[in-house]
Protein chains: 2
Amino acid sequence: MKSTYEKKANFWIAVDWGTSHLRYWIINREDGKLINEKSIPLGIKFINHKNFENILVNEFQDYLLENLTIDILCCGMIGSKQGWKDSGYFSVPFTPEFYKKLVFVKTKNKKLNIYIVPGLKQSNPPDVMRGEETQSLGIIRKYNNFDGVICFTGTHSKWVQIVGNEIISFETFLTGELFQIISEHSILKQSISTKKIDINLAKEYALIAFSDPHKFSKNLFELRAKNLIDNLNSSEILSCLSGLIIGLEIAGSRKYWLGNEVILVGSSPMVDIYKLILNKQNIATSIQDSKDISLIGLKDIYKNLN
Amino acid sequence: MKSTYEKKANFWIAVDWGTSHLRYWIINREDGKLINEKSIPLGIKFINHKNFENILVNEFQDYLLENLTIDILCCGMIGSKQGWKDSGYFSVPFTPEFYKKLVFVKTKNKKLNIYIVPGLKQSNPPDVMRGEETQSLGIIRKYNNFDGVICFTGTHSKWVQIVGNEIISFETFLTGELFQIISEHSILKQSISTKKIDINLAKEYALIAFSDPHKFSKNLFELRAKNLIDNLNSSEILSCLSGLIIGLEIAGSRKYWLGNEVILVGSSPMVDIYKLILNKQNIATSIQDSKDISLIGLKDIYKNLN
């Protein structure tokens, strides 16, 4: 028993605390039903001086009125060096029995029982993940003995292979981040004044980069030239850019998707680009929402913890 | 005669005015000898309110004492929309007889005769250049009827094909700019605190990207993972990054260099990476300094102007 209070609240809190967002679910301990859920733009990059405890105490003040301890199970970048407490990494291949490996965080407020899920690392090729290990567990549980490949689309897009309920290997692509820094900091920024994506144009350019990935940095400058010569407009440039970067990723992840069914984790319209290109290669896909599977993963870890 | 003064100074000024630097040469009109030369970090991106004339008047004040006109011939981004006066583009294929196509710029100070060299554009694939057209002319003149391929390494690296003294086609790669924005704005910036490049490591990673260009955005994240797992240090990360981006460019420019001798325009150590990879493909290379060939090009244009 980590707490000075003997009795536990009749709920627990699942937290996915990432770089840009804090998402949480308050869950009834008896019947597993959802009491409340919320996503707020208070990711770890916005929190100064490791002020994580104060953020939670402030957010959950209504639930902290009684002298009861509350279990809070966190996954994501909160367990990184830049987060609350470095929860370390476990090496793949890895059977996701995280409940045996959770890291406990000491708090001033003795009502809080904070646990953080560790990340995963891979030696060859070197790679790391935080958050997707819990989502991978969510997929394994949801599909009941899932064997196959998951693509977590996003800032650092990840391809993960699961065999016999084990996380076997994974690879990360800088997809979302390349999109952000090229649109905000390169010569293209002069031509970009919108966030609107034309999904059909994005798909067309994803196919171009998928077919000729070696032309990537030439295709980037060509967007600037098309802006100057052909008056390619702001939304068109942004759409072409997003397509080129996703097409490059899919060309580079071939050894993961070839011959496999792929579960795509993400939301429209970006995930539709992956679906189109993979389906064109006769790869079957299904789509899952990242927050749903985070919750399934966290619930599974918590069930085994108690 | 564009000026109110009838007599010309016994010198003229050649100017390569780019995005980051203003480089100029003061040349004796009689014997072509160099009177003075200078490169100052006053590229067009640092000049507000189109204050170009004041910059020149201030820089050349010692030469403006007598009532004589001075011819100043400029190439580079000074002729862009963001520059002094948009000097337009001519379409490839193009015989570089720029002296017939120069754009004259009106000035308050009637001693200045400012001419700007136009840029070049290409419709298919869309592309533009400013400055390299003058450098291409420099190469054509220096090699006396040069047929072959030139690679202008740099921020926007350009591959140019010359046949029968004509600029036939070209392609631009975002090489130097990708290096800058990824090292300054991506997740890698946390691991980069130096500008030191280990050229051997850069060459190794250029070969990796050249062989597997489709892995580019995966290889970028891998540098971050290697920093976390294998303690890859700051200089090593920067070296790998530079290599990956140059290798990607060389993979993408194959149709230019395959079966051709390539003149590489640039300076050590970056140009050595291009040389190594191309030589490994049995492509002969020679290296030229960009400022030397700018001057040859500008001198040739000026000679024909008068």
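Visitor: Which side chains does Lys218(A) or Glu222(A) meet in a salt bridge?
Guide: Each other's: the side chains of Lys218(A) and Glu222(A) meet in a salt bridge, at 2.3 Å from N to O. Keep in mind that this is a predicted model.

Visitor: Where do Lys218(A) and Glu222(A) lie?
Guide: Both sit in helix H5 of chain A, residues 216-229. They are 4 residues apart, about one turn of the helix.

Visitor: And what lets side chains pair like that?
Guide: Side chains of opposite charge can pair when their charged atoms come close.

Visitor: How many salt bridges over all chains?
Guide: The structure holds 22.

Visitor: What's the count between chain B and chain A?
Guide: That count is 2 salt bridges. One pair across the contact is Lys215(A) with Glu171(B), whose side chains meet at 3.4 Å, N to O.

Visitor: How many residue pairs are in polar contact between the chains?
Guide: There are 9 such pairs between chain B and chain A, counting those with both residues at pLDDT 80 or more.

Visitor: Which elements of chain B supply that side?
Guide: Strands E8 (119-122), E9 (127-129) and E12 (166-173) of chain B each give at least two residues to the side that touches chain A. So do helices H3 (175-185), H5 (216-229) and H6 (234-252) of chain B. The largest share, 11 residues, comes from H5(B).

Visitor: How many residues does the contact take from each chain?
Guide: It takes 42 residues from chain B and 42 residues from chain A.

Visitor: And what area do they bury between them?
Guide: About 3,600 Å², with 70% of it on carbon and sulfur atoms. Pro126(B), His214(B) and Phe221(B) supply 17% of the area that chain B buries against chain A, more than any other three residues.

Visitor: Why say the copies meet through the same surface?
Guide: Because 100% of the interface residues of chain B are also interface residues in chain A.

Visitor: OK, symmetry. What turn and shift lay chain B on chain A?
Guide: A turn of 180° and a shift of 0.0 Å along the axis, which gives an RMSD of 0.0 Å. The two copies are therefore related as by a two-fold rotation axis.

Visitor: Switching to the fold: what order do the strands of the open sheet in chain A have?
Guide: The order is E3-E2-E1-E4-E7-E6, which makes 6 strands with mixed pairing. Strand E3 (34-40) and strand E6 (103-105) of chain A are the edges, each pairing on one side only. Neighbouring strands are turned by 20° against each other on average, direction ignored.

Visitor: What packs on that sheet?
Guide: Helix H9 of chain A, residues 290-305, does. It touches E1 (11-17), E2 (22-28), E3, E4 (70-75) and E7 of chain A, and its direction makes about 130° with that of E1(A).

Visitor: Do E6(A) and E7 run parallel or antiparallel?
Guide: Antiparallel, with 3 bridges joining E6(A) to strand E7 of chain A (residues 112-116). Val105(A), for instance, has Ile114(A) in E7(A) as its bridge partner.

Visitor: What about the strand order in chain B?
Guide: Chain B has an open sheet of 6 strands in the order E3-E2-E1-E4-E7-E6, with mixed pairing. Its edge strands are E3 (34-40) and E6 (103-105) of chain B.

Visitor: How many bridges pair strand E2 of chain B with E3(B)?
Guide: They pair over 6 bridges in the antiparallel sense, E2 being residues 22-28 of chain B. Within that pairing, Asn36(B) in E3(B) is the bridge partner of Ile26(B).

Key: Residues numbered from 1 in each chain as written. Chains lettered and ligands numbered in written order. Heavy atoms only, no water. Pairing = 2+ DSSP bridges. Axes fitted to C-alpha atoms, helices over the stretch in contact; angles between N-to-C directions. Contact = heavy atoms within 4.5 Å. Least-squares fit on C-alpha atoms with pLDDT ≥ 70 in both. Buried area = accessible area lost by both parts, 1.4 Å probe. Salt bridge = Lys/Arg side-chain N within 4 Å of Asp/Glu carboxyl O. Polar contact = N/O pair within 3.5 Å; in protein donor to acceptor, adjacent residues only side chain to side chain.
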